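I opened my notebook to record, step by step, what I looked up in this structure and what I found there.

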Amino acid sequence: SLADPMAAQSAAAHSLAALLGKTQPDPAWMSPAPPPVLAVRSIVQVPADLLRVRPDIRRAEADVAQAAGELGIARSELYPRVALGASYLVSYNLTRSPRPRSNAGAGGGPVIAIPLSAWGRRQAGAAARREALDAAVTSYRQAVLEGVAEVEIALAALQLQTDRVAQLEAALQTVARQRATHQSLIGLGLASEFDGLDDEQGALAADQDLMLARARRNLAFVTLYKALGGAPLPHDEAAS
């Protein structure tokens, strides 16, 4: 019975060592210790703003903003441009005698640029940027839907494991009451120790199932945390 848990423990320790840049796991990691107590026992729902912390959604949102900006630049290039220009020219006339020291002239006025020759190219560029924006918006919506689905699945799994832990805790209390009743019968001489072996075996099995269910509930909480992109859960609103 211990073979599979020990193999999983060794694999997890080596994975953690690799993440920390170590060649071997720390021996202290293999020491027996009680499982951590989950602070949030049940989460009914999570705020939708927590999904924006996911890297894929943030990347898709940034792609939409970039595509919208590029589309705006492409559209601005379709319209004529009006600007104010100024110049200052300094020249020499080598044929004049006597030679002047310098001749200078200044000028200024409006500058109008009309994209007539490149109108088709710029219009095609604006259409391409529009298609790129539509593709970015579609990718953003897909990322949001996938994120919501992943969070909902993780949330349902956490709730299922939480309910299972509650049921196993109630079952363990029932087994404890049966053992107490049997001990009373032994004290009265109405039962023997041999008759209580089934209760002892049931208590050990119920305790083992409860520990396994608590471990799975903690892993389900970690899965939900990862699905939210590492966003902090608001205990005041989400916990119940």
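**Lining of the largest pocket**

Since I am working from a predicted model, I kept to what could be computed from it, and I began with the residues that line the largest pocket, which divide into 20 nonpolar, five polar and no charged. I then looked up the volume of this largest pocket and found a value of about 1400 Å³. Of its 25 lining residues, I noted that P5, Q9, A33, P35 and A215 are the closest to the centre.

Next I asked which helix gives the largest share of the lining of the largest pocket. I found that α4 does, with eight residues, and that α1 (3–19) and α4 (197–227) each supply at least two residues of this lining.

**The chain as a whole**

I stepped back to the secondary structure and listed five helices and two strands for the protein chain, with the elements running α-α-β-β-α-α-α from the N terminus on. Of the 240 residues in the chain, I saw that buried ones make up 22%. I also looked at contacts with a separation of 6 or more, and residues 24 or more positions apart account for 72% of them.

**Helix α3**

I wanted to know whether the length of helix α3 agrees or disagrees with the span expected for its 69 residues. At 1.5 Å a residue, helix α3 (residues 119–187) should span 102 Å, and because its end C-alpha atoms are 102 Å apart, I wrote down that the two agree. Following α3 I came to G189, whose phi is positive, near 80 degrees.

Within helix α3 I picked out Q161 and asked whether Q161 counts as buried or exposed. Its relative accessibility is 16%, and since buried means under 20%, Q161 counts as buried. Leaving aside neighbours within four places in sequence, I found Q161 in contact with A213, R216, R217 and A220.

**Nonpolar cores**

My last search was for nonpolar cores, and the largest has 17 residues, with I43, V46, V151, L158, L224 and L228 making the most contacts inside it. The elements that give two or more residues to this core are α2 (55–76), α3 and α4, and the largest share, five residues, comes from α3. Apart from this core I noted another, of five residues, with V64, A67, L133 and A136 among them.

Terms used
Residues numbered from 1 in each chain as written. Predicted model: local features only at pLDDT ≥ 70, side-chain atom pairs only at ≥ 80, totals over all residues. Heavy atoms only, no water. 1 Å grid on protein atoms, 1.4 Å probe; cavity = no way out; pocket = protein on both sides within 12 Å on 5 of 7 lines; lining within 4 Å. Points joined across faces, edges and corners; volume = space filled by probe spheres on them. Helix = DSSP H or I, 4+ residues; strand = E, 2+ residues; numbered from the N terminus. Nonpolar A, V, L, I, M, F, W, Y, C, P; charged D, E, K, R; others polar. Expected span 1.5 Å × (residues − 1). Buried < 20%, exposed > 50% of the residue type's maximum accessible area, 1.4 Å probe, protein only. Contact = heavy atoms within 4.5 Å. Core = buried A, V, L, I, M, F, W, Y, C linked by side-chain atoms within 4.5 Å.
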